[in-house]
Amino acid sequence: MNILIFGASSDISKELARQYAQQNDNVTLLGTGVQRLEPLKLDIEIRNKVKVDLFEFDILKYNNSNEKIKKLINQSDISIMLIGYLGNQNEADENDDELARIVNLNYFKVIEVLNLIQRTYVSKQTGIIAGVSSVAGDRGKQSNFAYGSAKAGLSVYLDGLRNRLYPKGVHVVTIKPGFMATKMTKDLNLPKILTASPQKAAKTIIKAIAKRKNKVFVNWMWKYIMIIIRAIPEPVFKKMKM
Ligand SMILES: NC(=O)c1ccc[n+]([C@@H]2O[C@H](COP(=O)([O-])OP(=O)(O)OC[C@H]3O[C@@H](n4cnc5c(N)ncnc54)[C@H](OP(=O)(O)O)[C@@H]3O)[C@@H](O)[C@H]2O)c1
């Protein structure tokens with residue numbers, strides 16, 4: 001199979017590439033500054049005798065007239081969208097450019113690309129789309145509500161897309177990772193028990209795609225944590241420092 005991974009330099013993407021290659025699948029990693037990933041590409045190719053392609057792709061510059069992207073999507077069986085940006089809520093409060101970057105990188109540009117993928121897969125009547133959203137989208141909190149609101153939009157988009165594409169032979173998987181130990185969170189002090197490794201995240205994503213799951217939490221505990229967080233009454237929640 002041909003796997004497209006959007007968000008090449010994510011630690012999870014690198015691990016997805018390694019694990020898919022071990023299953024003899026060909027992988028294309030799309031992202032910014034992909035030449036940094038040449039050693040990884042060579043390592044995976046030598047170990048597994050599969051093809052790993054690197055494709056320079058800045059989603060902020062994406063438009064759907066890019067013939068190379070169209071061709072790559074058309075040749076793929078599975079597309080996994082990992083592009084995201086945590087950003088800085090304090091900065092977004094003061095600077096609209098940061099706010100726009102957060103919304104574009106987590107929502108608008110992402111669904112623009114997903115729209116091309118869905119059109120292509122619907123025309124082929126086959127394909128699987130996996131989108132990495134976040135539990136941050138399940139309830140807005142003061143520390144990252146711009147990011148959370150964009151991920152909420154992405155989660156709802158993926159719900160609707162799954163519903164729409166079900167009769168058309170195309171499957172959509174939503175991944176909600178909870179905390180993950182990646183470069184996005186390297187400066188945050190995360191509780192170990194609630195934080196998944198990139199290896200675990202990649203394994204969960206690959207399994208969810210293979211089993212055509214609908215929605216998956218990388219760490220099952222997050223499902224129950226979010227039930228509790230969502231149940232906190234607003235008069236209490238607004239006073240909490242989350
Ligand atoms: N880490 C967590 O705790 C956590 C929790 C929930 C959800 N997530 C989600 O998981 C996904 C992967 O995140 P991560 O933790 O692995 O963090 P990450 O390393 O920061 O991954 C973000 C990815 O987005 C890519 N990206 C950013 N701007 C881009 C642009 N303009 N064009 C193309 N690609 C761009 C990055 O590539 P470059 O670095 O090359 O620009 C990187 O591959 C994200 O969607 C994130 O929101 C993460």
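Analyst: A salt bridge is a side-chain nitrogen of Lys or Arg within 4 Å of a carboxyl oxygen of Asp or Glu. The model discussed here is predicted.

User: What makes the contact of the R47 and D43 side chains a salt bridge?

Analyst: The N to O distance between R47 and D43 is 2.9 Å. The cut-off is 4 Å, so the pair qualifies. R47 and D43 sit 4 residues apart in helix α2 (residues 38–48), which puts about one helical turn between them.

User: Why is R47 called exposed, and what is D43 called?

Analyst: R47 has a relative accessible area of 64%. Exposed means over 50%, so the word applies to R47. For D43 the value is 29%, and D43 is partly exposed. That class runs between under 20% for buried and over 50% for exposed.

User: How do you know that K14 and D11 form a salt bridge?

Analyst: Their side chains meet at 3.8 Å, N to O. The limit is 4 Å, so the pair counts. Both residues belong to helix α1 (residues 11–22), with a separation of 3 residues, or about one turn of the helix.

User: Why are K14 and D11 classed by accessibility as they are?

Analyst: K14 has a relative accessible area of 22%, and D11 is at 24% relative accessibility. Buried requires under 20% and exposed requires over 50%, so both residues are partly exposed.

User: What makes E67 and K70 a salt bridge, and where do they lie?

Analyst: The N to O distance for E67 and K70 is 3.6 Å, and the criterion is within 4 Å, so the pair is accepted. The two residues are in helix α3 (residues 67–74), 3 residues apart, about one turn of the helix. E67, at 54% relative accessibility, counts as exposed, while K70 is partly exposed at 31%.

User: How many salt bridges does the structure hold, and which residues are linked in a network?

Analyst: There are 14 salt bridges in the structure. D138, K176 and R230 are linked in a network of them.

User: How do you know that K151 has no salt bridge?

Analyst: The nearest side chain of opposite charge to K151 is D138, which is 11 Å away. A salt bridge needs a distance within 4 Å, so K151 has none. K151 is nevertheless buried, that is, under 20% relative accessible area. Side chains of opposite charge can pair when their charged atoms come close.

User: Where does K151 lie, and which residues does K151 touch?

Analyst: K151 is in helix α6 (residues 145–165). Leaving aside residues up to four places away in sequence, K151 touches I83, N106, V132, S133, S134 and G137.

User: What is notable about phi of N24 and of K49?

Analyst: Phi of N24 is near 70° and phi of K49 is near 55°. Each is a positive value in a residue other than glycine. N24 is in the loop between α1 and β2 (26–31), and K49 is in the loop between α2 and β3 (52–56).

User: Why are N24 and K49 called exposed?

Analyst: N24 is at 54% relative accessibility and K49 has a relative accessible area of 76%. The threshold is over 50%, so both are exposed.

User: Where is T195 found, and which residues does T195 touch?

Analyst: T195 is in strand β8 (residues 195–196). Not counting residues up to four places away in sequence, T195 touches F179, M180, A181 and L190. The C-alpha atoms of T195 and A21, 174 residues apart along the chain, are separated by 25 Å.

User: How many helices and strands are there, and what makes the chain as compact as a globular protein of that length?

Analyst: The chain has 9 helices and 9 strands. Its radius of gyration is 18 Å, and the globule rule gives 18 Å for 242 residues, so the chain is as compact as a globular protein of that length. Along the principal axes, the C-alpha atoms fill a box of roughly 55 × 35 × 35 Å.

User: What share of the chain is buried, and what share of the accessible surface belongs to carbon and sulfur atoms?

Analyst: Buried residues make up 50% of the 242 residues. The accessible surface comes to about 12,700 Å², and carbon and sulfur atoms account for 53% of that area.

User: How far apart are the mean positions of the positive and negative charges?

Analyst: The mean positions of the 37 positive and 22 negative charges of the chain are 9 Å apart.

Key
Residues numbered from 1 in each chain as written. Predicted model: local features only at pLDDT ≥ 70, side-chain atom pairs only at ≥ 80, totals over all residues. Heavy atoms only, no water. Rg over C-alpha atoms; globule rule 2.2 N^0.38 Å. Buried < 20%, exposed > 50% of the residue type's maximum accessible area, 1.4 Å probe, protein only. Areas by Shrake-Rupley, 256 points an atom, 1.4 Å probe, with all protein chains shown as cover. Lys, Arg positive; Asp, Glu negative; His and termini not counted. Charge placed at Lys NZ, Arg CZ, Asp CG, Glu CD. Contact = heavy atoms within 4.5 Å.
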